[in-house]
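These are notes for a colleague who will be working from the coordinates, arranged as numbered points. Please read them with the structure open.

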Amino acid sequence: MLLGLTTALVATVCFGFGAVFQARGARSAPRADRVRAGLLAALARSWQFLIGTLVDIVGFVLSIVALRSLPLFLVQAVTNASLAVTALAAVWLLGARLHRNDIAGILAVVVGLTLLALGSGKEGRNHAPDAFHWALLATTAVMLLATLVLVRRNGAAAAAGLGLLAGVGFGVTSLAVRVMDASSLVAILTDPATYALAVGGLGGYLAYALALQRGTVTAATAAGTVAETFGPALVGVAALGDAARPGFEWCALTGFAVAVGGTFLLSRFGELEGQSAELSRPHPGAEAEPAVPPR
């Protein structure tokens, strides 16, 4: 359990720092009204988005270790606490300032994760029926179709919807990592969960980038947190046998609720003030760019 918890915490740091660079890169790219190769090319030309993506990949690799050795509800709560890291990284890298709610959110995340770690038991099963694997792949297909529809919309509702879809994609990747048959190369290539992992991850990143272009971090992140945290946690308990330590159910449940509540408080971190101040000064011959929210 110690190895899994350590890798989950390090992955959280990677996700937190990666979010700052990804958000800045997404906002610097031309705004997209539909899914097209040009959007991906524009993001690929942004060094900030590429750095954020590379750091995220490192975090994802580390999270695989955690997902294979800890209950899903613990891993999801820890990794989604990356907003606390994002807030601190924004203070350090972008000169943003923390407000009272932000500090309360960070403290809530720390307290919640501590209680959750104390109350978490052993992980459940690492296998599931074939129907479960196919259901994961089908979920990613629905997520991609819904993204194609919402990408034509504007406003906070569209940002929330795309953030929710991103959370679904990332949640599917967590479940796919947990149940994927890694006994051999042939097993990996013939497992629908493998393709659900790839499609869910890439589709989630695409939906998240589009959400960042349409609304504040509150709209994009809060909805995604619900899908990415609660969805896999409930599936892990109901279908894979995850459970808290006997007699410590109250501790795990309280910790989960407090940690997620802190994440919601931090989702209001909103515009990075240091970046907003910098971008609010117009350059000669150019209009000021919009402020960049963290993930």
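1. The protein chain exposes about 13200 Å² of surface, and carbon and sulfur atoms supply 71% of that area. The model is a predicted one, and every value in this note was computed from it. Of the 295 residues in the protein chain, buried residues make up 52%.

2. As to secondary structure, the protein chain comes to 13 helices and zero strands, and reading along the sequence therefore gives the pattern α-α-α-α-α-α-α-α-α-α-α-α-α, each element being a helix. Among the contacts with a separation of 6 or more, 85% are between residues 24 or more positions apart.

3. Helix H4, residues 72–80, deserves attention for its burial: nine of its nine residues are buried, so H4 is largely enclosed by the rest of the structure. The buried residues of H4 are Leu-72, Phe-73, Leu-74, Val-75, Gln-76, Ala-77, Val-78, Thr-79 and Asn-80. Several of these names return in the points below.

4. How many cavities of 30 Å³ or more does a search of the whole structure find? The search finds one, and the volume of this largest cavity is about 30 Å³. Its lining consists of Gln-76, Ala-77, Asn-80, Thr-225, Thr-229, Ala-259, Val-260 and Thr-263, with H4, H11 and H12 each supplying at least two residues. By class, the lining of the largest cavity divides into three nonpolar, five polar and no charged residues.

5. The second largest pocket has a volume of about 270 Å³ and is lined by 13 residues, of which Phe-73, Ala-233, Val-237, Leu-253 and Phe-256 lie nearest its centre. The elements that give two or more residues to this lining are helix H11 (217–239) and helix H12 (249–266). In the lining of the second largest pocket there are 11 nonpolar residues, no polar ones and two charged ones. Phe-73, named here among the residues nearest the centre of the pocket, is also one of the buried residues of H4.

6. Helix H8 covers residues 155–179, and its length can be checked against its residue count. At 1.5 Å a residue, its 25 residues should span 36 Å, and because the end C-alpha atoms lie 37 Å apart, the modelled helix agrees with that expectation. H8 is also mostly covered, with 19 of its 25 residues buried.

7. Within H8, is Ser-174 buried or exposed? Ser-174 has a relative accessible area of 6%, and because buried means under 20%, Ser-174 counts as buried. Setting aside residues up to four places away in sequence, Ser-174 touches Leu-67, Leu-72 and Gln-76. Two of these partners, Leu-72 and Gln-76, are listed among the buried residues of H4, and Gln-76 also belongs to the lining of the largest cavity.

8. His-133 is placed in helix H7, residues 130–150, and is buried at 6% relative accessibility. Which residues is His-133 in contact with, leaving aside its neighbours within four places in sequence? They are Ala-128, Val-179, Asp-191, Pro-192 and Ala-193. Of these, Val-179 falls within the residue range of helix H8.

9. Two partly exposed residues may be set beside these buried ones. Ala-117, in helix H6 (residues 100–119), has a relative accessible area of 21% and is partly exposed; because the buried class requires a value under 20%, Ala-117 falls outside that class. Its C-alpha atom is separated by 9.7 Å from that of Val-75, although the two are 42 residues apart along the chain. Ile-51, in helix H3 (residues 47–67), is likewise partly exposed, at 33% relative accessibility, and its C-alpha atom is separated by 7.6 Å from that of Gln-22, 29 residues apart along the chain.

10. Finally, Pro-246 lies in the loop between H11 and H12, the two helices that contribute to the lining of the second largest pocket. At 75% relative accessibility, Pro-246 counts as exposed, because the exposed class begins over 50%. The C-alpha atoms of Pro-246 and Gly-119 are separated by 8.5 Å, with their positions 127 residues apart along the chain counted as their distance apart.

Methods:
Residues are numbered from 1 along each chain as its sequence is written. This is a predicted model: local features need pLDDT of at least 70, side-chain atom pairs count only at pLDDT 80 or more; totals for chains, interfaces and linings use all residues. Side-chain values use heavy atoms; hydrogens and water are left out. Helices (H or I, at least four residues) and strands (E, at least two) are DSSP runs, numbered from the N terminus. Buried means under 20% relative accessible area, exposed over 50%, partly exposed in between (1.4 Å probe, protein chains only). Contact means heavy atoms within 4.5 Å. On a 1 Å grid over the protein atoms alone, a cavity is a set of points where a 1.4 Å probe fits but cannot get out, and a pocket is an open set with protein on both sides within 12 Å along at least five of seven lines; lining residues have an atom within 4 Å of a point. Grid points are joined across faces, edges and corners, and a volume is the space filled by probe spheres set on the points. Ala, Val, Leu, Ile, Met, Phe, Trp, Tyr, Cys and Pro count as nonpolar, Asp, Glu, Lys and Arg as charged, and the others, Gly among them, as polar. Accessible areas come from the Shrake-Rupley method with a 1.4 Å probe; for residues, only the protein chains shown count as cover. The expected span of a helix is 1.5 Å times one less than its number of residues.
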